[in-house]
Amino acid sequence: MTKWSLCFSSPQLVRGAGGSDLVVVGCPWCQVKSPPPRAVTVKMSSKPSGSEFKKRREARAKNEAEVLKKVPKISAFFGSDDKSKCDPVTEKPDNSDRDVPLTVDPGPSTRISGDNESDSVKSVGDSAEKLESDIESGENLIGAVFLSDPALWKIDENLRDYVAAHGVSQNCGVDFSASKRLYPDQARYASKSMFTRTLLNGETQNRSWMVYSKSKGCVYCVPCMLFGSPANSDSVFVTGYNDWKNATQRLKDHENSRGHKTCLGNLKVRANTKGRADSHLLEQTEKEVSYWRALLRRVVAAVKFLAIYGLAFRGSSEKIGEESNSKGNYLGLLEFLSEFDPFLKKHIDRYGTVGSGHTSYLSSTVSEEFILLMAQKVKTIILQEAKDSKYFGIVLDSTPDISHTDELTFILRYVKNGEPVERFLCFLPNIGHKAEEVVEAVIKVFEECGLDVSNCRGQSYDNASNMSGIYSGVQARIKELCSHAEYVPCAAHSLNLVGSSAVESCVMAISFFSLLQELYNFFSCSTKRWEVLCKNCTRVLHSLSKTRWAARHDACLTLVKDWTGVIKSLDEIASDEHQPGDTRHEARCLKDKLDSLETALMVTIWGSILETFNKVSKKLQSQAIDLGEVKRQYKALSDYVSNLREDFDRLETLAKEKSSVTTYKYDKLRRPKRKLTFGESREGEVSFSGREDFRVNTFNVILDTLSVELRKRADKYDDLHSTFGFFEDIDLQQDSAIISNKAAELVALYPNDLEPTLVDESLHLKAFLIQCGSSLWEKKGDKLIKKTTSLRGLYKFLYDSDVLEIYPNVDIALRMILATPVTNCSAERSFSTLRRVKNYLRSTMGMARLTGLALLTIEQRITGQIDYEDVIDDFANKKARKKPL
């Protein structure tokens, strides 16, 4: 006979060694100490035969299979992600039939009993009775106690700590069919409303202390179960309450009782680290966390500073303390700050030279991670602003970087706080120049950023055929995806093309700008010549640029302001016997070209034209400019050119005052006579003088080309502006029918965005603006001047006046037109940042780092607003090795 230990928590049957009798042994999954053993007498038999041994093996396998069926699956130990509104904060909320296990043994101390409070109330929950009998008999329970079911809890210190730290699921959103109780009059159930308490003043409060048991159909008080005294162990809210008929009063009495409040207070204290047994360990952990967070705040500040100003980070060495400057700006900045920061100095002295393999958070790897984290935060802010504004426009342009990689820049334009803003989003490498490739890249960015292409209301590119093509260009393909994505050619680039057409319109204009470049090349190729130029002139010469017409203005402005100084410099070099002969000859030739009335006239004419064009170009490069302002600037330029055409006499007078020459070279030339054919006479033949020849073949040609090109470029902005332009002078419009018709046309054009009530809102807006006349107009002399005549100014006025909610459809219409970009200058500015960030010393920079640094540098206002703590939290979450179950 043999004695075996019996565990009633999870029994199983096995065969005795060498015998045929079955014996009961302890549960192999039980993690707690078994109850006191009870002797079991088992009769042993002799060694079985082979056939008997085979039968016993099959029976043993069958018994093990039955046991395994009762073991819960591993998925039962993990809750779902859904969270009930009534549940408190939990680590793993329960919202399924399987619950999260806390322990694996209910033990003999589990409080499970029926409710014998009323003789007239009897239970009809067979499943609850069966479960209770199973627990008492030790059958059908394989040691899995679920956290969300208090009827199966084993109260111990581990459970108290876990519930205090993580809370518990209330199960207030489950099916309450198991709570059915039969009363003489009717059947009653638990309800979700029981988990909420209504105060006398009407406010509601969640009963976070109450948990529903799905297995028994009862509710339990968690604080009383965990911290109740033995005298209260028989309380109905500890053993399970299910008298639903009297639940309202009993719940009120219980939560107002002194014992309940004491237990609830104990639970709150237990949740506090000061009241926990491991408080010293937690205090030590918090001290470590505080130390490293203080260090990371300084690290993030250094990274932010360098990123905002586009400075390099790393050097050839990562050792702090070296006297050389090879450690780079990042470590150098931290070392500089340590001179005034004892905390940082102590850390650097301790960890600055320990090398790899030791945690110091001073390495370049950490700085790279912070760059990407901050860039992601900036990008998230930009995308959220764009989504909040709903409507947006896009700007695209490309340029090669220092490593000969073609970088496509992506700019978003939207309205924020009453003003249109343009934000850099990313660089896309080597997309290609075909329209199909560019559009695929744009769609991919939309998908990655969660932007809806149907909300795109504008697109602006340069005038290249692959971008502006009306049949298969990028703008045409984008418009196929969104018919309201109106294409607007870049106004600044179009103005450059107007100037280029005028320069190429006649030979003399081409020769004049070639002369400007020759002058710059002559003086800049020698330091001594440049010194002579600086001595005689207040301004220096500038080189020309094919794309930046401001450079042409600067180059011409030097001759306008320092005409005499340039000629004097050439004279001095030509007469210097120490200069090489070819240099003296070149200086003399350049001086001869300047000593002509035609050249002086070209300087005067182009100086006036380029000065005006330069001012307009700078105005068009403004980020907040709108379509109406572009149209007005082009109209003003066209009028200026037309008036200048009649002002040749004044320009000629200025040229003669500038130059000592008063006659045209054309008059000094021998004029060849045309050979007459048979029967032809010279009667009626006109012979131009030098003045008339210059006026007709040069002056008028340049101005006529400018005028024609300006009108042609301006026409491309008229159609879109005419749709929304009636808002600009809506308060000056006398005929209300015109406003109504324009508003109705706008509604018909955007039926999915604007409501028909836009007509009434427009008429009411007119009355409102007339009423606000003193705010919109200012008196200058004897005249009243309107402060704002643009769509941008109108929207800003309505936004600042906080009346947009009165005109919701006007708000939508103005946001759509203001989100339409009219220039791609923001893309050009991003190229300037690209050249600073990725220079020849950092030509191997990866795309993720390049985009991150460019984003932090370009959007430095948003970067400066990033909270250090948020970045550190993201860094900690990324680095955390502990995985919650």
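**Cores, sheet and selected residues of a predicted model**

In this predicted model, the largest nonpolar core holds 104 residues, and of these Trp606, Phe727 and Leu798 touch the most other members. The element that gives the most to this core is helix H21, spanning residues 597-620, with 12 residues. Phenylalanine 727 shows in detail what such a position looks like. If its neighbours within four places in sequence are left aside, phenylalanine 727 is in contact with Leu746, Leu758, Ser762, Leu765, Leu791, Leu794, Val810, Ala813 and Leu814. A second core, separate from this one, has 75 residues, and Trp292, Val438, Phe446 and Val837 are among them.

The discussion now turns to a sheet. Strands of a sheet pair through backbone hydrogen bonds, in either a parallel or an antiparallel manner. Here, five strands make up an open sheet with mixed pairing, and their order is S14-S13-S12-S15-S16. Strand S14 (419-429) and strand S16 (486-487) are the edge strands, since each pairs on one side only. At one edge, S14 is joined to strand S13 (residues 406-416) by 10 bridges, and the two pair in the antiparallel sense. One example is leucine 412, whose bridge partner in S14 is arginine 423. A helix also lies against this part of the sheet: helix H32 (residues 847-858) packs on it and touches S13 and S14. The direction of H32 makes about 165° with that of S14.

Further along the order, strand S12 (residues 392-400) pairs with S15 in the parallel sense over four bridges. Within this pairing, valine 395 stands opposite serine 460 in S15. S15 itself, residues 456-460, is mostly covered, as five of its five residues are buried. S15 is also joined to S16 by two bridges, and these two strands run parallel. There, glutamine 459 has tyrosine 487 in S16 as its bridge partner.

What surrounds a single residue within this sheet? Isoleucine 394 serves as the example and is found in strand S12. Its relative accessibility is 0%, so isoleucine 394 counts as buried. Apart from neighbours within four places in sequence, isoleucine 394 is in contact with Phe410, Ile411, Leu412, Val442, Phe446, Cys456, Gly458, Gln459, Ser460, Tyr461 and Pro821. One of these contacts, Phe410, is 16 residues away along the chain, while the C-alpha atoms of isoleucine 394 and phenylalanine 410 are separated by 7.1 Å.

A helix can also have a covered side. Which residues of helix H6 are buried? In H6, which spans residues 247-255, they are Ala247, Leu251, His254 and Glu255. These residues are on the same side of H6 because they cover an arc of only 90° around the axis. The cover over the buried residues of H6 comes from both strands and helices. It includes strand S8 (196-198), strand S10 (210-213) and strand S11 (218-221), together with helix H4 (222-227), helix H5 (236-239) and helix H7 (258-271).

Two loop residues deserve attention for their backbone angles. Asparagine 171 is not a glycine, yet it has a positive phi of about 60°. Asparagine 171 is placed in the loop between helix H3 (157-166) and strand S6 (181-182). With a relative accessible area of 1%, asparagine 171 is buried. Lysine 390 likewise is a residue other than glycine with a positive phi, near 75°. Lysine 390 lies in the loop between helix H11 (364-389) and S12. Lysine 390 has a relative accessible area of 38% and is therefore partly exposed.

The final topic is disulfides. A disulfide is a covalent bond between the sulfur atoms of two cysteines. How many disulfides does a search of the whole structure find? The search finds zero. Cysteine 534 illustrates why: the closest cysteine sulfur, in cysteine 537, is 8.1 Å from its own sulfur, which is too far for a bond. For comparison, the cut-off for a disulfide requires the two sulfur atoms to be within 2.5 Å. Cysteine 537 is accordingly in no disulfide, its nearest cysteine sulfur being that of cysteine 534. As for exposure, cysteine 534 counts as partly exposed at 35% relative accessibility, whereas cysteine 537 counts as buried at 8%.

Methods. Residues are numbered from 1 along each chain as its sequence is written. This is a predicted model: local features need pLDDT of at least 70, side-chain atom pairs count only at pLDDT 80 or more; totals for chains, interfaces and linings use all residues. Side-chain values use heavy atoms; hydrogens and water are left out. Buried means under 20% relative accessible area, exposed over 50%, partly exposed in between (1.4 Å probe, protein chains only). The arc is that of the directions from the helix axis to the C-beta atoms. Contact means heavy atoms within 4.5 Å. Two strands pair if DSSP finds at least two bridges between them. Axes are lines fitted to C-alpha atoms, for helices over the stretch in contact, and angles run from 0 to 180 degrees between N-to-C directions. A nonpolar core is a set of buried Ala, Val, Leu, Ile, Met, Phe, Trp, Tyr and Cys residues joined through side-chain atoms within 4.5 Å.
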